[in-house]
Amino acid sequence: MNKSLVTLTIGQSPRSDILPLLLEHLPADHIDHVGLLDGMSAAEIEAQFAAEPGDSILVSRLRNGQQVRLAAPKVEQGLQQKIDALEEAGYDTILLLCTGEFGTLKAQHALLLEPDRIIPPLIKSIVHQHQVGIVVPVKEQIREQANKWRHLNKPPCFAVASPYLADESTLQAAAEALLAQGAEVVVLDCIGYHQHHRDFLQKKLSIPVLLSNVLVAKLAAELIV
């Protein structure tokens, strides 16, 4: 095998919505793509990954563009099985395409790049004392984000706009909510957000807007040899 890096989405691969953006920083001929939900029907996804009361929620995209809501604990178990299989297949680097917070994922030999371990410390080093605004796909994730961003100098403020469902009016409402809360830097904290989401919000806010997927892709690109 001559591929050194594989992307692993919690949805279905390839992620045609964000792949062009990632390939601005990553060489296409060195990458393969795998999804946790690859080959699964909607009924199978519901049976294996539906959220129970009290479960943390993750959001991803199917190949047909549909948004899916998944139970984070079940996703984490499934991801570990995928990681084990990808290591067995010989990949050197596994890039997780999800900014959700996972606590137990591990690789024995491959380098596992988890955005939830990379993005918060990086943002902290960039923003210092500035107020951070976080955009998340669904409102349930606001409560779940407190631990992830606990090391920021100021608690972040939040707005909700799904990268898969939001229209301009929803993005406009998110921008207004962040301005009202005093945001000075905005982080689009889902792999599904795209450059057009960033451009729209930055125009409305006139402050820096950062894409988590670009930050992670740039780091991964430095590891390709």
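Two strands pair if DSSP finds at least two bridges between them; helices (H or I, at least four residues) and strands (E, at least two) are DSSP runs, numbered from the N terminus. This is a predicted model, in which local features need pLDDT of at least 70, side-chain atom pairs count only at pLDDT 80 or more, and totals for chains, interfaces and linings use all residues. Residues are numbered from 1 along each chain as its sequence is written, and side-chain values use heavy atoms, with hydrogens and water left out.

**Exercise 1.** Find the partners of strand 1 and describe its cover.

Step 1. Strand 1 runs parallel to strand 2 (residues 31–35), joined by five bridges. Here Leu8 stands opposite Val34.

Step 2. Strand 5 (residues 93–97) also pairs with strand 1 in the parallel sense, over five bridges. In this pairing Leu5 stands opposite Thr93.

Step 3. Buried means under 20% relative accessible area, exposed over 50%, and partly exposed in between (1.4 Å probe, protein chains only). On one side of strand 1, Leu5, Thr7 and Thr9 are buried, as are Val6 and Leu8 on the other.

**Exercise 2.** Describe the salt bridges of Glu52 and Asp189.

Step 1. A salt bridge is a side-chain nitrogen of Lys or Arg within 4 Å of a carboxyl oxygen of Asp or Glu. The whole structure holds nine.

Step 2. Glu52 bridges to Lys74, with the closest N and O atoms 3.4 Å apart. Glu52 lies in the loop between helix 2 and strand 3, and Lys74 in helix 3, 22 residues apart.

Step 3. Asp189 meets Lys148 at 2.8 Å, N to O. Asp189 lies in the loop between strand 9 and helix 7 and Lys148 in the loop between helix 5 and strand 8, so the pair ties together parts 41 residues apart in sequence. Both Asp189 and Lys148 are buried.
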